[in-house]
Amino acid sequence: MFEEEITKIRKMGVRQLLLQALNFATVIATGLMIWKGLGIVTNNESPIVVVLSESMEPAFQRGDLLFLTNPPNTPFAIGDITVYRLPGVDIPIVHRVLETHALKSNPLKQKILTKGDNNNDDDLGLYNGREWLDREHLIGKVTA
């Protein structure tokens, strides 16, 4: 099955094999640098996420790719589509902000309630006993 490829590799010299390995490492390093660069520009640990469920239909379908930003000095507003992750839960959730409460002294210190567009109820049942999401639970805001 791979006999021809194995024969070609055996005919290559050490210099050619090292050059192929270096080219492969360069491609991998470039991809990682682009990913980290996007994370820095968007102020986000995960600048691109995939929609995993139907809870946001018809706005987003399962499998859609979403580009996120996390502006540090901008509060989240009602209607914003956010992605959040709760402690102990590995899968991020994409839902719309339903309600916000901010401290008068610091409007960036928000308590947020979310809901999927296709869900009947808000997300209180997903919050593991919490009444609100805090800003640190939010990964980012979906950009158009």
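Residues count as buried under 20% relative accessible area, as exposed over 50%, and as partly exposed in between. These cut-offs are applied below to a predicted model.

The structure holds 5 salt bridges. Three of them are described here in turn, each with its place in the chain and its accessibility.

One of the salt bridges joins K141 and D80. The closest N and O atoms of this pair lie 3.3 Å apart. The contact links distant parts of the chain, with the two positions 61 residues apart in numbering. K141 belongs to strand 7, which spans residues 138–142. D80 sits in the loop between strand 2 (65–69) and strand 3 (81–84). Both K141 and D80 are buried.

A salt bridge also forms between D117 and R96, with the closest N and O atoms 2.7 Å apart. This pair again links distant parts of the chain, 21 residues apart. D117 is found in the loop between strand 5 (110–115) and strand 6 (133–134). R96 is found in strand 4, residues 93–102. The relative accessible area of R96 is 25%. That value falls between 20% and 50%, so R96 is partly exposed. D117 has 30% relative accessibility and therefore also counts as partly exposed.

D134 and K111 form a further salt bridge, and their closest N and O atoms are 2.7 Å apart. D134 lies in strand 6 and K111 in strand 5, so the salt bridge ties together parts that are 23 residues apart in sequence. The two partners fall into separate accessibility classes. D134 has 19% relative accessibility, which is under 20%, so D134 counts as buried. K111 stands at 38% and therefore counts as partly exposed.

Attention now turns to empty space. Rolling a probe the size of a water molecule over the atoms shows where such space is left. In this model, the largest pocket holds about 160 Å³ of space. Its lining includes V50, V51, L52, S53, S55 and M56. I91, P92, I93, V94 and H95 also line the largest pocket. Strand 4 supplies the largest share of this lining, with 3 residues. Strand 4 is also the element that holds R96, the partner of D117. By class, the lining of the largest pocket has 8 nonpolar and 3 polar residues. No charged residues occur in this lining.

Note on methods. Residues are numbered from 1 along each chain as its sequence is written. This is a predicted model: local features need pLDDT of at least 70, side-chain atom pairs count only at pLDDT 80 or more; totals for chains, interfaces and linings use all residues. Side-chain values use heavy atoms; hydrogens and water are left out. A salt bridge is a side-chain nitrogen of Lys or Arg within 4 Å of a carboxyl oxygen of Asp or Glu. Helices (H or I, at least four residues) and strands (E, at least two) are DSSP runs, numbered from the N terminus. Buried means under 20% relative accessible area, exposed over 50%, partly exposed in between (1.4 Å probe, protein chains only). On a 1 Å grid over the protein atoms alone, a cavity is a set of points where a 1.4 Å probe fits but cannot get out, and a pocket is an open set with protein on both sides within 12 Å along at least five of seven lines; lining residues have an atom within 4 Å of a point. Grid points are joined across faces, edges and corners, and a volume is the space filled by probe spheres set on the points. Ala, Val, Leu, Ile, Met, Phe, Trp, Tyr, Cys and Pro count as nonpolar, Asp, Glu, Lys and Arg as charged, and the others, Gly among them, as polar.
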